Amino acid sequence: MITLALSKGRIFDETLPLLAAAGIEVLEDPEKSRKLILATNQAGVRVVLVRASDVPTYVQYGGADMGVTGKDTLMESGSQGLYQPLDLQIAKCRVSVAVRADFDYASAVKQGSRLKVATKYVAIAREFFAAKGVHVDLIKLYGSMELAPLTGLADAIVDLVSTGNTLKANHLVEVEHIIDISSRLVVNQAALKLKQEPIRAIIDAFAAAVQKRNP
Ligand code: PRP
């Protein structure tokens, strides 16, 4: 049995065509069911639904043989012991710094002010501001980061930006682009040795599909 860990939403939706290229069809719609283990048309392959930030943990400890997870998650939580054979070029977005439209970020940074930064990406933010020599107080949040500058909790946020609609709707502006993000295929190293043939077949089919879509 091969177990693939996915998170609901964009990663699940954008992984389906890659699975199809490997001849794998998920038999249930996660939006219509509360099931966490989904069967596929192949008796030897199943999908487990986990939180995006838990995908590396499942794969690292063998709760899943492989998984799809954002580079943001891998950067934040570490990727020790994970084989990362492919950039799937899906769920593309970026990690950016954003502030209220009326906040003078450039001056705050130039004057060496201490910035209050709210984010769920504490490690990414710490490293980014340290490299710039900007002093920051980091406030860990788990969601709705955009609210922090609006309520006075923070001066800035570090968050994912895709279309930019969420920032716009909350009168925030992007002031720094930290890094481009896409999703990666991650594989448990022991599983790769023990179940080499079926795992290699999936990696090769995914690679061919990615190559076809991004020539
Ligand atoms: C992400 C991110 C932003 C939004 C950006 O949230 O945290 O809020 O998407 O997308 P946009 O630029 O296209 O508006 P998501 O909906 O993934 O939920 P999260 O808060 O759990 O991360």
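How far is an oxygen atom of the ligand from an N or O atom in the side chain of Lys120? In this predicted model, that distance is 3.0 Å. The briefing below begins with the surroundings of the ligand and then turns to two open sheets, one built from six strands and one from five strands.

**The shell around the ligand**

- The residues that surround the ligand are Lys120, Glu146, Asp159, Leu160, Val161, Ser162, Thr163, Gly164, Asn165 and Thr166, and they divide into two nonpolar, five polar and three charged residues.
- Besides Lys120, whose side chain has an N or O atom 3.0 Å from a ligand oxygen atom, Asp159 has a polar side-chain atom that lies 2.9 Å from an oxygen atom of the ligand.
- In the side chain of Thr163, an N or O atom is 2.5 Å from an oxygen atom of the ligand.
- The ligand taken alone exposes 500 Å², and 61% of that area is buried by the protein.
- Two elements, β9 (156-161) and α7 (165-169), give two or more residues each to the shell around the ligand, and it is β9 that gives the most, with three residues.

**The sheet of five strands**

- Strand β9 also belongs to an open sheet of five strands, which follow one another in the order β8-β7-β9-β6-β10 with mixed pairing.
- The edges of this sheet are formed by β8 (136-140) and β10 (172-181), each of which pairs on one side only, and neighbouring strands are turned by 30° against each other on average when direction is ignored.
- Strand β7 (residues 115-119) and β9 run parallel and are joined by three bridges; Val117, for example, has Ala156 in β9 as its bridge partner.
- Helix α5 (residues 122-132) packs on this sheet and touches β6 (93-100), β7, β8, β9 and β10, while its direction makes about 170° with that of β8.

**The sheet of six strands**

- The other open sheet is made of six strands in the order β2-β3-β1-β4-β11-β5, and here the pairing is mixed as well.
- Why is one side of β2 (37-39) and of β5 (82-87) left without a neighbour in the sheet? Both strands stand at the edges and have a single partner strand each, so one side of each remains without a neighbour.
- Neighbouring strands of this sheet are turned by 30° against each other on average, again with direction ignored.
- Strand β2 pairs with β3 (residues 45-49) in the antiparallel sense over three bridges, and the bridge partner of Leu38 in β3 is Val47.
- Helix α9 (residues 196-213) packs on this sheet, where it touches β1 (2-6), β4 (66-70), β5 and β11 (183-188), and the direction of α9 makes about 30° with that of β5.

Note on methods. Residues are numbered from 1 along each chain as its sequence is written. This is a predicted model: local features need pLDDT of at least 70, side-chain atom pairs count only at pLDDT 80 or more; totals for chains, interfaces and linings use all residues. Side-chain values use heavy atoms; hydrogens and water are left out. A residue is near a molecule or strand if one of its heavy atoms lies within 4 Å of it. A polar contact is a pair of N or O atoms within 3.5 Å; within protein, one must be able to donate a hydrogen and the other to accept it, and residues adjacent in sequence count only if both atoms are side-chain atoms. Accessible areas come from the Shrake-Rupley method with a 1.4 Å probe; for residues, only the protein chains shown count as cover. Helices (H or I, at least four residues) and strands (E, at least two) are DSSP runs, numbered from the N terminus. Ala, Val, Leu, Ile, Met, Phe, Trp, Tyr, Cys and Pro count as nonpolar, Asp, Glu, Lys and Arg as charged, and the others, Gly among them, as polar. Two strands pair if DSSP finds at least two bridges between them. Axes are lines fitted to C-alpha atoms, for helices over the stretch in contact, and angles run from 0 to 180 degrees between N-to-C directions. Contact means heavy atoms within 4.5 Å.
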